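Hi everyone, thanks for coming along. Today I'd like to walk you through the empty spaces in one protein model, and then through one of its helices. Let me put it up on the screen.

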Amino acid sequence: MDDEAMIARRRGATTGGTPQGRSRGRLADEVYDTLLGQLMSLRIEPGSRVTIDVLARELGVSQTPIRDALNRMEAEGLVVRVPHAGYRIPPQITRDRFEDMLEIRLLLEPAAARRSAERATSKQVAGMRRMLEEMAELEGGDGPMAYGAFGLRDAAFHDLVALSAGNQVIREALARLHTHVHLFRLLHDTQVTHLAMAEHEEILAAIAARDPDAAAYAMRRHILLSGERFRRLFDEAKGADGMAIEA
């Protein structure tokens, strides 16, 4: 089932474009999640233009939740408003932006994992386990939509770690980075999902064992290894540019 069908199934019957028994805010959240999945799967390509009326027709909703979702995405830097022309998807992140994001993650996420090992409830640990189980079902899935769905759950797992750490400031700071959105837009590689799964398992095992040092180490190792996987894309692009100049 594609994302439009899924949102339609959840939405149910509508009256005048507004779902019965569904608040405007809730529908805007569903539209936001759908558009986020399309971004991560590259169904909406970097640099492309998106308009409210087209999205409303595609998703079968009124323009109001589309506008609300896009306004939220604009505030988060995920889309750019173009005067009198709707919205545009920004280009892929630059190498400098990537390195800055990596540095911030290394400062915040190991600390969050450490606190999670100290503070996470049994219910929160079980929630992280369920998220990894969902990711395992999607691992190696065919097509960009499966890859995008994996990326969304990857982001959700990291958010659950931050939530269980009990530091809302760290959680909000990491959410504003939208690291996983930007990274999963860079590369569609099923090997990434396989490697990430093993590293996530190590993080969760340390948290479940209430071992703060091991949790912080596992998270730091995961971020560094993830950084190396994505960094090669910039190196390859730079090499290709050099060859083009020489030619």
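So, how many cavities of 30 Å³ or more are there? The count comes to 3. Please keep in mind that this is a predicted model.

Let's begin with the largest cavity, which holds about 80 Å³ of space. Twelve names would be a lot to say aloud, so here are some of them: the lining includes Arg105, Asp154, His158, His180, His222 and Arg229. Leu183, Phe184 and Phe230 are also among the lining residues. Two or more residues apiece come from α7 (144–165), α9 (179–186), α10 (190–208) and α11 (212–246). Which of these elements gives the most? That is α11, with 4 residues. As for chemistry, the lining divides into 5 nonpolar, 4 polar and 3 charged residues.

On to the second largest cavity, with a volume of about 50 Å³. Its lining is made up of Phe98, Met101, Leu102, Arg105, Thr179, Leu183, Ser226 and Gly227. Here the elements giving two or more residues are α5 (95–119), α9 and α11, and α5 gives the most, with 4 residues. This lining splits into 4 nonpolar, 3 polar and 1 charged. If some names sounded familiar, Arg105, Leu183 and Ser226 line the largest cavity and also the second largest one.

Now from cavities to pockets. The second largest pocket has a volume of about 150 Å³. Of the 11 residues lining this pocket, Ile44, Arg49, Val50, Leu55 and Glu58 lie nearest its centre. Both β3 (49–50) and α3 (52–59) supply at least two lining residues, with α3 giving the most, at 3. The mix in this pocket is 4 nonpolar, 3 polar and 4 charged.

Last stop: helix α6, residues 122–138. Its 17 residues reach 25 Å from first C-alpha to last, close to the 24 Å expected at 1.5 Å a residue. Which residues of α6 are buried? They are Val125, Gly127, Met128, Met131, Leu132 and Met135. Why do these buried residues sit on the same side of α6? Because they cover an arc of only 155 degrees around the axis. Turn to the face pointing away from that buried side, and you find the exposed residues Ser122, Lys123 and Glu137.

That's my tour, and I'm happy to go back to any part of it on the screen.

Methods. Residues numbered from 1 in each chain as written. Predicted model: local features only at pLDDT ≥ 70, side-chain atom pairs only at ≥ 80, totals over all residues. Heavy atoms only, no water. 1 Å grid on protein atoms, 1.4 Å probe; cavity = no way out; pocket = protein on both sides within 12 Å on 5 of 7 lines; lining within 4 Å. Points joined across faces, edges and corners; volume = space filled by probe spheres on them. Nonpolar A, V, L, I, M, F, W, Y, C, P; charged D, E, K, R; others polar. Expected span 1.5 Å × (residues − 1). Buried < 20%, exposed > 50% of the residue type's maximum accessible area, 1.4 Å probe, protein only. Arc of directions from axis to C-beta.
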